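Hi there,

Here is the structure I promised to pass on to you. Have a look at it first, and then read on for what turned up.

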Amino acid sequence: MYIHWSPLSCSNMHSRPHTRLITSHISQQNSKRGVAARSLLCQRTQTGHTNRWQLTGTVGSDLLGQAQVRRAEEFALQLSDRKIKSADPMALRWREDTTGSTQSPLPRLVRPLSAGQHSSVCEVTWPSKLDTPEKQYHNLSHRVAGKAKPDAVLECLGGKWELHCPFLNNSDTLFELYTNCKKERVAQLQERGVSAQSRRAGSSLCRYGRGLVSSKCNLSGPLTLRLPVKDSSITREALSFVLRTLYDPEERPDEWGEGVISAAVLLGMSDLFQKCLTEMMTNISSSTVCRFHEVSCKFKDTALQRACEQWLELFLVTDLSCHVNLKDLPFDLLLKTLHSPRLFTLGEYDLLRAVLYWLYLQLNPLRTTLPAHSTIINFFSRETGVFLEQTHGQKYITIFQALRLHGITEWQHLQELHNIRVFPEACLFHILSNHYHNLYKGGDMTVTDFSKQAVRFGMMVDGEQEWCTKTINLYGFYFLLKAVNVGESDTYSFSIERLRHWDPALSQSSIVTRPFCMRADRSVCYHITVQSYFNSEFQEHSSGAVNQEFGLWKRCCRSKPFHVEGLSPPILVTFALAFPF
């Protein structure tokens, strides 16, 4: 029988009992089906402790589950995994979309092999960087050692680290601790055995037997090794890494630093100590040079110390002064670098600018970013008095005395020296009067020590440049500094050429705004220093001090070329010039 049902017919059929019966039956069936569907769709099972949920079936309206899966896919992008326990043994295996080409980064829930096997746990993989240092060590040591029981437990830095005897040979400290503890345990067992035999009696045999069993339990199992740590630089992360290298020598830390090398020294691992030094020497940069130099001084390693100092001599001005890590440079190390004859700088003003940046960071230690140059100028311009004459500024006098302020000749730079109120008026007056007299005398300089009074000009040559030039002027004399690659080899030629006022290398604006000396001959003492740093190897070549007369005519306006072989970019060239009488 077919019944057409509508709201209109429902309102007109109140007096038909058979219709009410059929309607009631259909309503009950629909109600049961709705309850069953809702109970089926709303059943959720929690997986692990991550607050992620699963439905027993795929439902397009499950917005909560879809959002959680999307967040999980965006979060778990790391390749290394770890295992955690899950309380959902019957969960389905998570599969990636058929349209995807990469493996899903979500945890994998593994279905049991059969319905009759009710496992209490299922494994979930998760990124290992979320593990604690103890857990990272535990996972690696148990993977390498297999199912072997630990022979000892190291109690150090508030953690317990299970050790296996075959892997202790590379650590002198742990091997000695293990050997001594084992001897003590053997001696205690022998002492207990002798005392037990002397006190053996029939009346107390049972009671003594129970006591002996208890003593054996206390003296069995893994040995307990206690290692105190007094060095504050050793962290649990560093200790975990050093212990992991006992099982896997190819392990690498997040960064090579003081904590790792200090932990290697504490555990007596000489091979790892040397590996740390080697890695540090190959990873010197603006972010590590200050820390590595501190490590070299702490452990008295002259090779690493010299490597850090050589790096500073080359890249203090061009690299470190552009990073906030400049504030970590110690006072003594900066002073030593400024006095070095191998210090590279693009000009004397660039070196002054680097020192001002360092001084600003020392006076503002909470600063986490490098300020703009205008910020530093405004900071020192607000001083009510001369900075170096005040109590807190007098300790920095030796830093500024190491600078060659007489080599700053540009008018804009000299005006800046006056505005920052760092130098006393007597110092500024001496600089300006010295410039005036040198110009008046045709550039003649009073040179008593060429290595400390020569004005330095530098330029960098990278691998893509076949030649590099730089135009400089000093007391009205203009020179062209050249670096040319000879052919396709690794040989470079360096030279100096005096420019005349009609040379195209000089712009018209420089001739108009700067003094130009027409003196026919100019006696010049120059020194060319060529340095390079490639694959942690430093090269240095020097022409020595050379005296030469530079005239205005073409045949006598160039220096003799200085050829250097076997150079690897970047190449840093320093031209030091002075005009003797």
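Over which ring does the charged end of Arg522 sit? The ring is that of Phe477, and the charged end of Arg522 lies 5.6 Å from its centre. Before you read further, please keep in mind that this is a predicted model.

**Around Arg522: a strand pair**

Arg522 also takes us to strand β12, which covers residues 522-534. This strand runs antiparallel to strand β13 (residues 537-542), and 6 bridges join the two. If you want one bridge to find on screen, take Thr529, whose partner in β13 is Ser542. The hairpin of β12 and β13 has 2 residues between the strands, and Asn535 there takes a positive phi near 55°.

**Aromatic rings**

There is plenty to look at here, as the structure holds 23 aromatic pairs. One of them is formed by Tyr137 and Trp161, which meet edge-to-face, with 5.8 Å from centre to centre and 70° between the planes. This pair links distant parts of the chain: Tyr137 belongs to helix α4 (residues 133-145) and Trp161 to strand β6 (residues 159-163), 24 residues apart. Are these two rings on buried or exposed residues? Tyr137 counts as buried because its relative accessibility is 2%, and Trp161 is buried too, with a relative accessible area of 0%.

Tyr492 and Phe494 make a stacked pair, with 6.4 Å between the centres and 20° between the planes. Tyr492 has 5% relative accessibility, so it counts as buried. Phe494, at 0%, is buried as well.

Rings also gather in a cluster: ring pairs link Phe331, Trp358, Tyr360, Phe379, Phe380, Phe387 and Tyr396.

**Glu497 in strand β11**

One charged residue may interest you at the bench. Glu497 is found in strand β11, which spans residues 492-498. Why does Glu497 count as buried? Its relative accessibility is 9%, and the limit for buried is under 20%. What does the side chain of Glu497 make a polar contact with? The partner is the side chain of Lys482, at 3.2 Å. Leaving aside residues up to four places away in sequence, Glu497 touches Tyr478, Phe479, Leu480, Lys482, Cys557 and Arg558. Lys482 therefore appears both in this list of neighbours and as the polar partner of Glu497.

Happy to go through any of this with you whenever it suits.

Best wishes

How values were computed: Residues numbered from 1 in each chain as written. Predicted model: local features only at pLDDT ≥ 70, side-chain atom pairs only at ≥ 80, totals over all residues. Heavy atoms only, no water. Phe/Tyr/Trp six-rings, centres within 6.5 Å; stacked < 30°, edge-to-face > 60°. Helix = DSSP H or I, 4+ residues; strand = E, 2+ residues; numbered from the N terminus. Buried < 20%, exposed > 50% of the residue type's maximum accessible area, 1.4 Å probe, protein only. Lys NZ or Arg CZ within 6 Å of the ring centre and 35° of its normal. Pairing = 2+ DSSP bridges. Polar contact = N/O pair within 3.5 Å; in protein donor to acceptor, adjacent residues only side chain to side chain. Contact = heavy atoms within 4.5 Å.
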